[in-house]
Amino acid sequence: MTSIRSRKLCLAQQPDADEMLSRDPFALLVGMLLDQQIPMERAFAGPVAIAHRMIGPFDPPTVAHYDPDAFVELVAGPPAVHRFPTAMAARIQTLAKHLDDQYSGNASGLWSDVKSGDDLLARLSALPGFGAQKAKIFVALLGKQLKVRPRGWREASEPYGEDGAYKSVADVIDVASLVKVRQFKQEQQLVRRPVVARPLRQTRNG
């Protein structure tokens, strides 16, 4: 495992979870994978919870070859790491297998030799479970908080690479910034919420 420590992350808002995220690239990727349909802090606390329940190290080779049924039980808890433990357990193992096959189990190999932001974005977009938006956010997270800044990383991560944007986990460094990011997401949900037309009331004549 290659360390990514350049600053202490505060994504899970839990000391043991954030310590793991700060030093373990695989844990950080798994936290990002889990960050959907549950609170962000809960998602990024997931890797340390799984690691504590596992037999063996929490690394791509071990997770990739873990018995699938047993791994589902680890994710299901109690408490459950995610609201959809069966689906997310499978996604984590698929991600681990990709990292084991493509990067010899070294998660930081995703970015250790990248030449450009576009290259980094392409590698992240190729990860199982990482869509276009998730990949952009992770590029911004690496650049803003872990100083992984290949040429053009801000452009590749738009709009999440902007300074002071508070649009994603990339901008969360403490409780106050977490509140700002949560407010932004709530505002975006309101904007995207469809407007339902109410039926007109019928009035009686006479």
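# Core, helices and salt bridges

The largest nonpolar core has 63 residues, and those with the most contacts inside it are Leu-29, Phe-44, Phe-71 and Phe-138. A nonpolar core here is a set of buried Ala, Val, Leu, Ile, Met, Phe, Trp, Tyr and Cys residues joined through side-chain atoms within 4.5 Å. Buried means under 20% relative accessible area, exposed over 50%, and partly exposed in between (1.4 Å probe, protein chains only).

This is a predicted model: local features need pLDDT of at least 70 and side-chain atom pairs count only at pLDDT 80 or more, while totals for chains, interfaces and linings use all residues. Residues are numbered from 1 along each chain as its sequence is written, and side-chain values use heavy atoms, with hydrogens and water left out.

Me: Which helix gives the largest share of this core?

Reply: Helices are DSSP runs (H or I, at least four residues), numbered from the N terminus. With 8 residues, the largest share of the core comes from residues 25-34, helix α2.

Me: How many of the residues of α2 are buried?

Reply: Go along the helix and Pro-25, Phe-26, Ala-27, Leu-28 and Leu-29 are among the buried ones. These buried residues pack against α1, α3, α4, α6, α7 and α8, contact meaning heavy atoms within 4.5 Å. The helix is largely enclosed by the rest of the structure, because the buried count is 10 of the 10 residues.

Me: At the start of α2, which residue has a side-chain oxygen that reaches to the backbone nitrogen of Phe-26?

Reply: A polar contact is a pair of N or O atoms within 3.5 Å; within protein, one must be able to donate a hydrogen and the other to accept it, and residues adjacent in sequence count only if both atoms are side-chain atoms. Here the oxygen comes to within 2.9 Å of the Phe-26 nitrogen, and it belongs to Asp-24.

Me: How far apart are the end C-alpha atoms of α6?

Reply: The expected span is 1.5 Å times one less than the number of residues. For the 19 residues of α6 that should give 27 Å, which agrees with the model's end-to-end value of 26 Å.

Me: Is Gln-93 buried or exposed?

Reply: Gln-93 is found in helix α6, and leaving aside neighbours within four places in sequence, its contacts are Val-63, Ala-64, Tyr-66, Pro-68 and Phe-71. A polar atom of its side chain lies 2.9 Å from the backbone oxygen of Tyr-66. With a relative accessible area of 11%, Gln-93 is buried.

Me: Which parts of the structure does the salt bridge of Arg-123 with Asp-113 tie together?

Reply: A salt bridge is a side-chain nitrogen of Lys or Arg within 4 Å of a carboxyl oxygen of Asp or Glu, and for Arg-123 and Asp-113 the closest N and O atoms are 2.8 Å apart. The two are 10 residues apart in sequence, so the pair ties the loop between α6 and α7 to helix α7.

Me: What separates Asp-119 and Arg-123 in helix α7?

Reply: These two also form a salt bridge, with the closest N and O atoms 3.5 Å apart. Being 4 residues apart in the helix, they are separated by about one helical turn.

Me: Is Asp-171 buried or exposed?

Reply: Asp-171 meets Lys-144 in a salt bridge (2.5 Å, N to O). The pair links distant parts of the chain, 27 residues apart, with Asp-171 in the loop between α9 and α10 and Lys-144 in helix α8. Lys-144 has a relative accessible area of 17% and is buried; at 8%, Asp-171 also counts as buried.
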